[in-house]
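Work through the exercises below with the structure open beside you. Try each task before reading its solution.

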Amino acid sequence: MEQTIENEIVDSNGKNVEWFEESLEVDLKWSLAINSVLYKATTKFQDVILLDTKHFGKVLVIDGKMQSAEKDEFIYHESLIHPALLLHDNPRRVFIMGGGEGSAAREALKHDNIHKVVISDIDQEVVNICRKHLMANQEAFADCRLHVIINDAKVELEKSDEYKYDVIVGDLCDPREGGPCNHLYLKSFYQHIIKPKLNHNGIFVTQAGFAGVLSHQAFFSSVYNTAKQVFNHVIAYTAHVPSLADTRGWVLASDQPLKLDAEVINNRIKERIKGSDLQFIDAAFMLAFTVMNKTVHTT
């Protein structure tokens with residue numbers, strides 16, 4: 001994925017403004033004016049940049065693709081975490097594949113009934129820079145219920161045949177050629193690793209890439225169809241994330257029925273979440289964002 005940081009654009013005051021530019025398609029680019037580059041390096045696994053942007057605050061970029069932005073990451077992370085935890089009768093243990101920036105863990109730890117959250121991220125440097133620079137996640141990283149493990153999530157899940165989780169979360173980069181997490185989207189992984197590691201009423205949820213009218217076929221539809229081959233009950237849902245310039249999708253799956261009951265969900269938010277502190281998710285919206293538009297639904 002092509003990316004550039006340029007200093008060639010002049011603003012209305014006649015000053016040069018540095019811009020980050022990401023190529024979304026061959027003929028389509030997304031540009032953000034930046035204040036500074038907070039971190040830029042090639043780790044053992046990927047290219048990592050942390051930017052301070054003028055419009056979206058701090059932005060994490062991995063292998064040329066924006067992963068999250070400080071101003072609106074709550075949309076992505078609330079959507080990733082809370083539906084699964086609220087649909088589960090009594091979640092206690094959560095395993096997060098990836099999630100090194102800490103935002104998914106932060107959302108899971110808002111639930112008072114959660115006893116343990118495990119992050120298994122392959123890249124220590126990503127975890128380190130996010131711990132240092134992302135202030136919203138400082139409390140989560142300091143929470144005694146959080147356990148951060150630097151390892152391939154597949155290897156970590158395979159370690160113990162005895163230990164199981166109520167919710168397993170895929171907070172991963174999209175697959176790419178030679179990417180470090182491609183194997184975590186395969187049917188065989190879902191069937192032979194994820195499913196046996198879930199408790200009887202366990203729930204699996206994963207980010208599933210872009211889900212817009214023009215973008216859903218690249219990845220979102222295939223994740224949904226793969227999950228349907230492994231689990232008895234599967235729900236796909238979407239939400240627009242402004243900093244990502246498109247609609248984002250998630251897929252949630254279980255072998256037990258998933259009951260979308262607004263009254264039950266609202267009661268669980270009040271009972272479980274500290275101060276009901278959610279900016280984006282409520283029961284009504286959880287029901288609404290599972291409805292796909294005609295184009296996405298039929299393909």
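The exercises that follow use a predicted model.

**Exercise 1. A helix with two sides**

Task: Find which residues of helix H8 are buried, and work out how they are arranged around the helix axis.

Solution.
Step 1. Locate the helix. H8 covers residues 262-272.
Step 2. List its buried residues. They are Ile265, Arg268, Ile269 and Arg272.
Step 3. Look down the axis of H8. The buried residues fall within an arc of 105 degrees, so they line one face of the helix.
Step 4. Recall the general rule. An α-helix has 3.6 residues a turn, so residues three or four places apart point the same way.
Step 5. Turn to the face directed away from the buried side. Glu263, Lys270 and Glu271 are exposed there.
Step 6. Ask what covers the buried residues. The cover includes helix H1 (73-87) and helix H9 (283-288).
Step 7. Check the start of H8. A side-chain oxygen of aspartate 261 comes to within 3.0 Å of the backbone nitrogen of glutamate 263.

**Exercise 2. A buried charge**

Task: Determine which side chain of opposite charge is nearest to arginine 272, and which backbone oxygens the arginine side chain reaches.

Solution.
Step 1. Place the residue. Arginine 272 belongs to helix H8.
Step 2. Look for a partner of opposite charge. The nearest such side chain is that of glutamate 271, at 5.5 Å.
Step 3. Apply the cut-off. A salt bridge needs a nitrogen and an oxygen within 4 Å. Arginine 272 has no salt bridge, although it is buried.
Step 4. Turn to the backbone. A polar atom of the arginine 272 side chain lies 2.7 Å from the backbone oxygen of leucine 85. The side chain of arginine 272 also reaches the backbone oxygen of aspartate 89, at 2.6 Å.
Step 5. Widen the view, leaving aside neighbours within four places in sequence. Contacts of arginine 272 include Leu86, His88, Lys110 and Asp112.

**Exercise 3. Three strands, two hairpins**

Task: Trace how strand E5 pairs with E4 and with E6.

Solution.
Step 1. Find strand E5 at residues 57-62. Six of its six residues are buried.
Step 2. Take E4 (residues 47-53). E4 and E5 pair in the antiparallel sense over six bridges.
Step 3. Pick one pair. Valine 61 in E5 stands opposite isoleucine 49.
Step 4. Look at the link. Three residues separate E4 and E5, and the two strands form a hairpin.
Step 5. Move on to E6 (residues 65-69). Four bridges join E6 to E5, again antiparallel. The bridge partner of leucine 60 is serine 68 in E6.
Step 6. Inspect the second turn. The hairpin of E5 and E6 has two residues between the strands. Aspartate 63 takes a positive phi near 50 degrees there.

**Exercise 4. Charged pairs**

Task: How many salt bridges does a search of the whole structure find? Examine some of them.

Solution.
Step 1. Start with the total. The search finds eleven.
Step 2. Take aspartate 174 and lysine 65. Their side chains meet in a salt bridge at 3.0 Å, N to O. This pair links distant parts of the chain, 109 residues apart. Aspartate 174 sits in the loop between strand E10 (165-171) and helix H6 (187-194), while lysine 65 is in strand E6.
Step 3. Judge exposure. Aspartate 174 counts as buried because its relative accessibility is 15%. Lysine 65, at 22%, counts as partly exposed.
Step 4. Take glutamate 158 and lysine 154. Their salt bridge is 3.0 Å, N to O. The two are four residues apart in helix H5 (residues 153-158), so about one helical turn separates them. Glutamate 158 is partly exposed at 37% relative accessible area. Lysine 154 is partly exposed at 27%.
Step 5. Now find a network. Salt bridges with shared partners join Glu73, Arg106, Glu107 and Lys110. Within this network, the closest N and O atoms of glutamate 107 and arginine 106 are 2.8 Å apart. Both glutamate 107 and arginine 106 are buried.

**Exercise 5. A histidine in a loop**

Task: Is histidine 216 buried or exposed? Find a backbone oxygen by its side chain.

Solution.
Step 1. Locate histidine 216 in the loop between strand E11 (198-210) and helix H7 (220-228).
Step 2. Check accessibility. Histidine 216 counts as buried because its relative accessibility is 1%.
Step 3. Find the contact. A polar atom of the histidine 216 side chain lies 3.3 Å from the backbone oxygen of valine 213.

Notes: Residues numbered from 1 in each chain as written. Predicted model: local features only at pLDDT ≥ 70, side-chain atom pairs only at ≥ 80, totals over all residues. Heavy atoms only, no water. Buried < 20%, exposed > 50% of the residue type's maximum accessible area, 1.4 Å probe, protein only. Lys, Arg positive; Asp, Glu negative; His and termini not counted. Polar contact = N/O pair within 3.5 Å; in protein donor to acceptor, adjacent residues only side chain to side chain. Contact = heavy atoms within 4.5 Å. Pairing = 2+ DSSP bridges. Arc of directions from axis to C-beta.
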